[in-house]
Amino acid sequence: MADRPLADSQALKRKLFQTIVQDAPIAYALIDKSYRVVFMNDHFLRSRKQDRDRVLGRKCFENIGFGQPCHVCNVRDVFEKGALCKKLRKEILPDASHLYSDDLAVPIRDPGTGTIEYVLQILIDRTAEMDMRERNFASFIQIINSLVRLLEEKDYATCLHSRHVSAICAKLTRYLNLGPEAVFNATLGGLLHDLGKLYIPDAVLNKEGTLDDREYAIIMEHPVFTWVVLSGLSSFKPMRDVAIAHHERWDGKGYPKGMSGEDIPIEGRITAIADTYDAMTCDRSYRPGLSHEAAMAEIKNVAGTQLDPQLVEQFVAMVEECGYDRDSLTDGSVAFRDAGLMIEEYNDSGNELPTSHWEEVKAPSAEDYVLYVHMPNAQGAAESPSAVPQQGGAATFDKASEDLLASDEFIDSLLNHTPAMYTLVDEAWNVLYVSDNFAVAAGRPRSVILAGKCFHISDKKEPCFKEEGGFALCPPARVFATGEKQRSLLEKESHAKRYFTDHYAIPTEIEGPDGKKIMCCLEILFDRSREKNSQHAFEHDVKLLIKNVKNMLEEILPEVSANSHHIVHEIHRFCDYLNSIKIGPFEPLNDQDQ
Ligand SMILES: [Fe+2]
């Protein structure tokens, strides 16, 4: 291995740093403790359509037209929490286009004083993936809405009832501050709570006048039918809880289980209030609906017997505080737009850190993602900024930041103490550089990785290179074949768990020990296991739901009216679309990234 360039030579690390900030389609920015932007790489500026001279030296929030730090701000969070912060971020650009990205903000501390002097912001683009997820999610919501329309076709008397209940549930959950996931679950759960009524014969469901015991027994089965359609789906558990529990009573006299008090899941207790309110106020063919005031009085009346008294108190407070009447309380037009679950993959935080690839290796802790860099020339920081553009796009606005970016300590830190992992391989698959955190994740000593070839890391005897549809699966192989940057989502199984990495492969030329140029591929990896695994679990559940829905449709098909056939057809169409989705491992780079 004598001909290999020295992995730990400062010259090599400098070259890697240059490649990372100049060539990788990843946005990097350095922000000081007064929120001033002191560095922004070309990709950041280009992808955000910003002008270097206007951005550098100004406060980050001023650059997007705000007078103070944004409502949700990773930089402020880093200063407050003192640890790495991670968010999924959506930006609307001046031309109204949008970008989704993983926003990683890493603190940079001066080891002498311990103060956080700067925040290094790393933005990894996820727009194509999130747009696709939004489209798929929209189809999923269409299926749910079509199911509700089918229910409405069947049962005119409770027309819009499910939508009303959903809207009330969403408002009350939000008022109770139960978080975005609870809002989503309540919105969807409220919408689906009476789905089981599709199984109830029309003659019973639409009967005017009193039901006999046998008919009442049939009606009482509808929560269980909804439960059956949603069974086996872990992501739909809260909706199932809503369905099974919305006719339970606080005093234990409800059905189907006769649960009481807090044994009834909160989702069910919330839906019971919404259901009771809407059932009382809607018009039926055999009686007009009660007024809003009369319904509110009755809700208070049954608090402690039928309904949870504390939740009723909150419900009454919400209605008074927000000045709701029947129309505004049951208006669900914005419920889903506000629910926004799929976007809220994670809100934060320092605790949700990238996992290690191999189970037996301890995942990095928050402390591993702090850059400790002695602040060079800190007192020389210019008060009035003047941008100093440099060749290749790096530009800083004062001497202190410029010195920081050029310091060996900063470059070392960047390569080893951010959630990004790095490797460098040449065309003979020799590993020329590997970052500490990659070695930790791979569960083997860095020196062993550096003495071997890249495929040895995955215990293979030869390159992982294989063709699929004329496309090499190994990103460096694609880089060497095409000379172009590559981005993939790589999946790997270990100890029966699935791990995912967002993988950038960037061509770069480095200088060998004899002065000759060596063609190499720099690989930058970000762990995505947590998000991808939860997304896969949800997709799995959606497919199972589709199966259950199709079974249900077949069973009720002889009963559905001619008018409902087109809805059944529509549901099948959305189901087929969702079933046909196959997300490939390659996510192409946008044109602007090339
Ligand atoms: Fe019901």
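Biologist: Is Trp429 buried or exposed, and how many C-beta neighbours decide the matter?

Modeller: This is a predicted model, in which local features need pLDDT of at least 70, side-chain atom pairs count only at pLDDT 80 or more, and totals for chains, interfaces and linings use all residues. Residues are numbered from 1 along each chain as its sequence is written. A residue is buried if 20 or more other C-beta atoms lie within 10 Å of its own, exposed if 12 or fewer, and partly exposed in between, with C-beta atoms placed from the backbone. Trp429 counts as buried because it has 20 C-beta neighbours inside 10 Å.

Biologist: Where does Trp429 lie, and what is its phi?

Modeller: Helices (H or I, at least four residues) and strands (E, at least two) are DSSP runs, numbered from the N terminus. Trp429 belongs to the loop between β9 (421-426) and β10 (431-434). Its phi is positive, about 70°, although Trp429 is not a glycine.

Biologist: Asn177 also has a positive phi. Is Asn177 buried or exposed?

Modeller: Asn177 is exposed, because 8 other C-beta atoms lie within 10 Å. This residue is found in the loop between α6 (161-175) and α7 (180-192), and its phi is about 60° although it is not a glycine.

Biologist: Which peptide bond is cis, and where does its proline lie?

Modeller: The bond from Tyr255 to Pro256 is cis, with omega near 5°. Pro256 is placed in the loop between α11 (237-245) and α12 (266-281).

Biologist: How should one read the buried residues of a helix, and which are they in α4?

Modeller: An α-helix has 3.6 residues a turn, so residues three or four places apart point the same way. In α4 (residues 74-81), the buried residues are Asn74, Val75, Asp77 and Val78. They lie on the same side of α4 because they cover an arc of only 160° around the axis, the arc being that of the directions from the helix axis to the C-beta atoms.

Biologist: Which strands do they pack against, and what follows α4?

Modeller: The buried residues of α4 pack against β1 (27-32), β3 (85-92), β4 (98-109) and β5 (116-125). Gly82 follows the helix, with a positive phi near 70°.

Biologist: Which residues is Phe17 in contact with, beyond its neighbours within four places in sequence?

Modeller: Two residues are in contact if their C-beta atoms, placed from the backbone, lie within 7 Å. With those neighbours left aside, Phe17 of helix α1 (residues 10-23) is in contact with Ile411 and Leu414. The C-alpha atoms of Phe17 and Leu415 are separated by 7.7 Å, although the two residues are 398 residues apart along the chain. Phe17 is buried, since 20 other C-beta atoms lie within 10 Å.
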